[in-house]
Amino acid sequence: MSPAELKRAAAARAVGLVEDGMRLGLGTGSTATIFVELLGEKVRAGLSVVGVPTSEATRRAAEAAGIPLTTLDETPDLDLTIDGADEIDPQLRLIKGGGGALLREKIVAAASRRMVVIVDGAKRVDTLGRFPLPIEVVPFGLVATTLAVAAAIRSAGCAGPLGIRKGADGTPFLTDGGHLILDAGLARIPDPEALARALVAVPGVVEHGLFLGLATGAIVAEAADGQSRIVTLGAA
């Protein structure tokens, strides 16, 4: 099966977790977008939910799908967040932020009673780090912040190239909050908790893409004999 078909299979299983009256966090990324599309079909068929989008792109997709939206200011306690991930390890630790929405994604996940991650099997790893780790930073003092981030990475026993994310037009990518993203190609993160502590201590770092202790479960769609096989991890 193709990656797109596996993503759809994971998203479809996640829709089955949604109950009438739920307050949902709506994730960002290719798999989460499919979830929003499928959830919209349920809403149009009579399911009553409200959602908090984790990015402007997800907001537009949810509005197009007919999903009623709210904000965390109006609805600060959420029942369930469904989101994708760039990597997931056996302890349900994640790397997220490939789409640039890590700050809002983490705020929404932290406001949720449950966070279920939907991924295809290629996102499962034994050790995080193969996917470049996004680190969101403020534009002010960028060079000083970059040097401090590099030192923090070394202090956590990691190494690899660190660079500003660029958009399709070659200019620096800006998040929905107007921040920049440093992508760290670390290959392997032996102690994600140590790296997370080191990064949050750097002035100028807004957030990082290590999601630790937030995911309560995962739905993984894997290819098996030409068919999709769903593997659930944790409380999914």
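A search of the whole structure, which is a predicted model, finds 17 salt bridges. Show the side chains of Lys, Arg, Asp and Glu as sticks, and use the stops below to pick out particular pairs.

**Stop 1: Arg23 and Asp79**

Select Arg23 and Asp79. Their side chains form a salt bridge, with an N to O distance of 2.9 Å. The two residues are 56 apart along the chain, so colour the strands that hold them: Arg23 belongs to strand E1 (residues 23-26) and Asp79 to strand E3 (residues 78-83).

**Stop 2: the two domains**

Next, colour by domain. The assignment gives domain 1 as 3-125 + 212-234 and domain 2 as 133-209. In the contact between them, domain 1 contributes 15 residues and domain 2 contributes 18 residues. Place a marker at the C-alpha centre of each domain; the separation is 24 Å.

How much area do domain 1 and domain 2 bury between them? The value is about 1,200 Å², and 59% of it lies on carbon and sulfur atoms. Now select Leu102, Leu103 and Lys106. These residues provide 38% of the area that domain 1 buries against domain 2, more than any other three residues.

**Stop 3: polar and charged pairs across the interface**

Keep both domains visible and turn to the interface. Three salt bridges are found across the interface of domain 1 and domain 2. For polar contacts, the count between the two domains is seven residue pairs, with both residues at pLDDT 80 or more.

Which elements give two or more residues to the side of domain 1 that touches domain 2? They are E5 and helix H4 (102-110). H4 supplies the largest share of that side, four residues. Colouring that side of domain 1 by residue class shows five nonpolar, five polar and five charged residues.

Then select Arg104 and Asp176. Their side chains meet in a salt bridge, at 4.0 Å from N to O.

**Stop 4: the three-stranded sheet**

Switch to a cartoon view and select E4, E5 and E11. The three strands make an open sheet in the order E4-E5-E11, and the pairing is antiparallel. Strand E4 (87-88) and strand E11 (210-211) are the edge strands, each paired on one side only. Strand E5 covers residues 94-95 and pairs with E11 through two bridges in the antiparallel sense. To see one bridge position, select Leu94 together with its partner in E11, Phe211. In general, strands of a sheet pair through backbone hydrogen bonds, either parallel or antiparallel, so show the backbone atoms here.

**Stop 5: the E12-E13 hairpin**

Finally, select residues 217-224 for strand E12 and residues 227-234 for strand E13. These strands run antiparallel and are joined by eight bridges. Within the pair, Ala221 stands opposite Ile230 of E13.

Where in this hairpin does a residue take a positive phi? Move to the turn, which has two residues between the strands: Asp225 has a positive phi near 55°.

Terms used: Residues are numbered from 1 along each chain as its sequence is written. This is a predicted model: local features need pLDDT of at least 70, side-chain atom pairs count only at pLDDT 80 or more; totals for chains, interfaces and linings use all residues. Side-chain values use heavy atoms; hydrogens and water are left out. Two strands pair if DSSP finds at least two bridges between them. Domain bounds come from an automatic or database domain assignment. Contact means heavy atoms within 4.5 Å. Buried area is the accessible area (1.4 Å probe) that two parts lose on being put together, summed over both. A polar contact is a pair of N or O atoms within 3.5 Å; within protein, one must be able to donate a hydrogen and the other to accept it, and residues adjacent in sequence count only if both atoms are side-chain atoms. Ala, Val, Leu, Ile, Met, Phe, Trp, Tyr, Cys and Pro count as nonpolar, Asp, Glu, Lys and Arg as charged, and the others, Gly among them, as polar.
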